[in-house]
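Colleague: I am new to this structure and would enjoy a close look at a single part. Could you walk me through it?

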Amino acid sequence: MTKDTAIISITRGRGGQVEAEGPIDALASALLDRAGFIRQPTLSGTWHRLPFDMGEEWESEHASYAAEMLRAARYAIRLDPALTPGGRPVPNSPRQVAGPIPVPAVPAAVPRTR
């Protein structure tokens, strides 16, 4: 199974915690870390979760940000619809651009002299 066919799920668990499950390799783990997820070793592997008690809005923003980064790296992602922030940009998201990207002006051709 490759990262192109495997699905990583980001959901709210039965205990209320936000966790990422699925075939998480080193790159996916690093992206989850960047989004605020914590790696916690367990007997069956590594558990990736957001910190407890940070508030549902904070958890939704960070879960959505993680999903965006994983999608940009071409992972198949399933994000729990309950974790989608209400139409607001995710912190440090590529969608949070302050306007159009400025394009530098091309200088006019300079006449050549001999």
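Colleague: Let us take His48: is it buried or exposed?

Modeller: Happy to help! This is a predicted model, so local features need pLDDT of at least 70 and side-chain atom pairs count only at pLDDT 80 or more, while totals for chains, interfaces and linings use all residues. Residues are numbered from 1 along each chain as its sequence is written, and side-chain values use heavy atoms, with hydrogens and water left out.

His48 is buried, with a relative accessible area of 4%; buried means under 20% relative accessible area, exposed over 50%, and partly exposed in between, with a 1.4 Å probe and protein chains only. His48 sits in strand 4, residues 45-49 (strands are DSSP runs of E, at least two residues, and helices are runs of H or I, at least four, numbered from the N terminus). Leaving aside neighbours within four places in sequence, the residues in contact with His48 include Val18, Ile24, Ser29, Leu32 and Phe37, where contact means heavy atoms within 4.5 Å. With Ser29, the side chain of His48 also makes a polar contact of 3.2 Å, that is, a pair of N or O atoms within 3.5 Å; within protein, one must be able to donate a hydrogen and the other to accept it, and residues adjacent in sequence count only if both atoms are side-chain atoms.

Some of these partners turn up again elsewhere: Val18, Leu32 and Phe37 are among the residues that touch the most other members of the largest nonpolar core, which has 21 residues. Such a core is a set of buried Ala, Val, Leu, Ile, Met, Phe, Trp, Tyr and Cys residues joined through side-chain atoms within 4.5 Å.
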